[in-house]
Amino acid sequence: MAFSLLTRQLTASLQQNLRLTTTGCRYVSKTATKTESEFEYDAPSMKTPVPGPKSKELLRQLGDIQNVGAVHFFCNYEESKGNYLVDADGNRMLDAYTQISSIPIGYNHPALMKVLTNPNNMSAFVNRAALGILPPDNFPEKLVESLLSITPSGMSRVQTMSCGSCSNENAFKTMFILYRNKERGYNGPSEEDIGTCMINQSPGCPELSILSFMGAFHGRTLGCLATTHSKPIHKLDIPTFDWPVAPFPKLQYPLEEFVRENAQEEARCLEEAEDLIVKWRQKGKPVAGIVIEPIQAEGGDNHASPDFFSKLRNIARKHGCAFHVDEVQTGAGATGKFWAHEHWGLDDPADIVSFSKKMLTGGYFHKDELMPEKPYRIFNTWMGDPSKNLFLAEVLNVIRRENLLEEVTRSGKALLNGLYALQAQYPHILSRARGQGTFCAVDARDDAIRDSILIKTRNKGAFLGSCGERSIRFRPALVFKEYHVHQLLNILNDVLAEHK
Ligand SMILES: Cc1ncc(COP(=O)(O)O)c(C=O)c1O
């Protein structure tokens, strides 16, 4: 890729901050200092390659019980602190993947340990309530303290759930129920509806659909899987619905340099999405809802502009489709705003916003009109976990007290600039650096090189993830400071310098 003036300027200014060594450039942190030093290590410390001998033995033991093909190594969570994950062999790694993007403020954060040891909270941990029928007496108060303090614009209701897939699955059901309620003019179901739903027939089980996007990931349960299109491994052999799949824009990066080309690509995708909505209505399978991630994560960190989302929101409105924004991975601050959709600048960004991961509890916010009118329509045994709301309330306190969204913006800038510098220095290996906040990615030349970089980086003390076909994904906790960014970039640089 040809680098523009902007990229070259960025690279040049970055290189002024670098001390050159024989293996390439090294970052010397001038501004960033640790503020949580009482609970954080100084640096990675490696004793063995990863997985080490203990992890290998545990892998063998667990392999006798279940499939361990995806297990990287075993962890010592007691010893892990802040941004550092300690493994079973005593290796301490800087963690920029954080349990698939789900640790909000680092390992064993003292504020969360206090929540755990507070005697007033004990009963919430010991007695997991069936929230749909027997919520604890402090549940409304705790919801107000935690989830209702961060409601997305235009929403006043929240339903907790246990995980991301289960949140999306129930959000989809909510959109279908709304669609049918509107069709019936909010009159109750007919005898025919009641009879046919029991034998999986229409109109009780209506031929409705949800529009999703190529490259999307919304979970692995049956309904969610019909909207997931990131990798065949998730979908193979599983029956699914005939629901429309629109193209997600394939943008060129850095976004500022390809504004015209990217706008054309987005216009193409929007046109196709609208055509599909019309086509599926004609087929007798109207689109009740559109589901989309603000940044496609598992599918390869694919971005789209605020203008794209704003126009898609309008298309949803025009065609009477509910608009569901899946913030399971993007939510809770990693992009520098609490919700990634806040970057769109819309007053009415969505009808439903689902969350999980860094939020510690799953669930979804929604508008009033999506409130189910009868009990048990949206229901399961636990419907979330009140003890997670206690942690979430404290996580939100820490985010506010320590200005972590500003911290993420600052660290994210350092990380993205560092990735620009690395791709300029190793253009034969890296390309397409992109990101918002610390929610960043860069592509390797192919998947084999990507995987080899990840393993070598891990053995040098930094743990990263992958996404899409050949992307490296960065998903640090919100307490990942510039200091940590520089540690990470130094390790990556060492790996790239050794790469043949
Ligand atoms: C955007 C998005 N939606 C849904 C999910 C599914 O969440 P879970 O794995 O908790 O079911 C994920 C998980 O990675 C995700 O990234």
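**Thr196 and the open sheet**

Me: In which helix is the place of Thr196?
Reply: This is a predicted model, in which local features need pLDDT of at least 70 and side-chain atom pairs count only at pLDDT 80 or more, while totals for chains, interfaces and linings use all residues. Residues are numbered from 1 along each chain as its sequence is written, and side-chain values use heavy atoms, with hydrogens and water left out. Thr196 lies within residues 191-197, a DSSP run (H or I, at least four residues, for helices; E, at least two, for strands; numbered from the N terminus), and this run is helix α8.

Me: Is Thr196 buried or exposed?
Reply: The relative accessibility of Thr196 is 14%. Since buried means under 20% relative accessible area, exposed over 50% and partly exposed in between (1.4 Å probe, protein chains only), Thr196 counts as buried.

Me: Which residues does Thr196 touch, not counting those up to four places away in sequence?
Reply: Contact here means heavy atoms within 4.5 Å. With residues up to four places away left aside, the partners of Thr196 are Gln201, Ser202, Pro203 and Gly204.

Me: Which strands stand at the edges of the sheet?
Reply: Seven strands, with mixed pairing (at least two DSSP bridges between two strands), form an open sheet in the order β5-β11-β10-β9-β8-β6-β7. Two of them have a single partner strand each, so one side of each is left without a neighbour in the sheet: β5 (157-161) and β7 (245-246).

Me: Which residue in β11 stands opposite Thr160?
Reply: β5 and β11 (residues 362-366) run antiparallel and are joined by five bridges. Opposite Thr160, the residue in β11 is Gly363.
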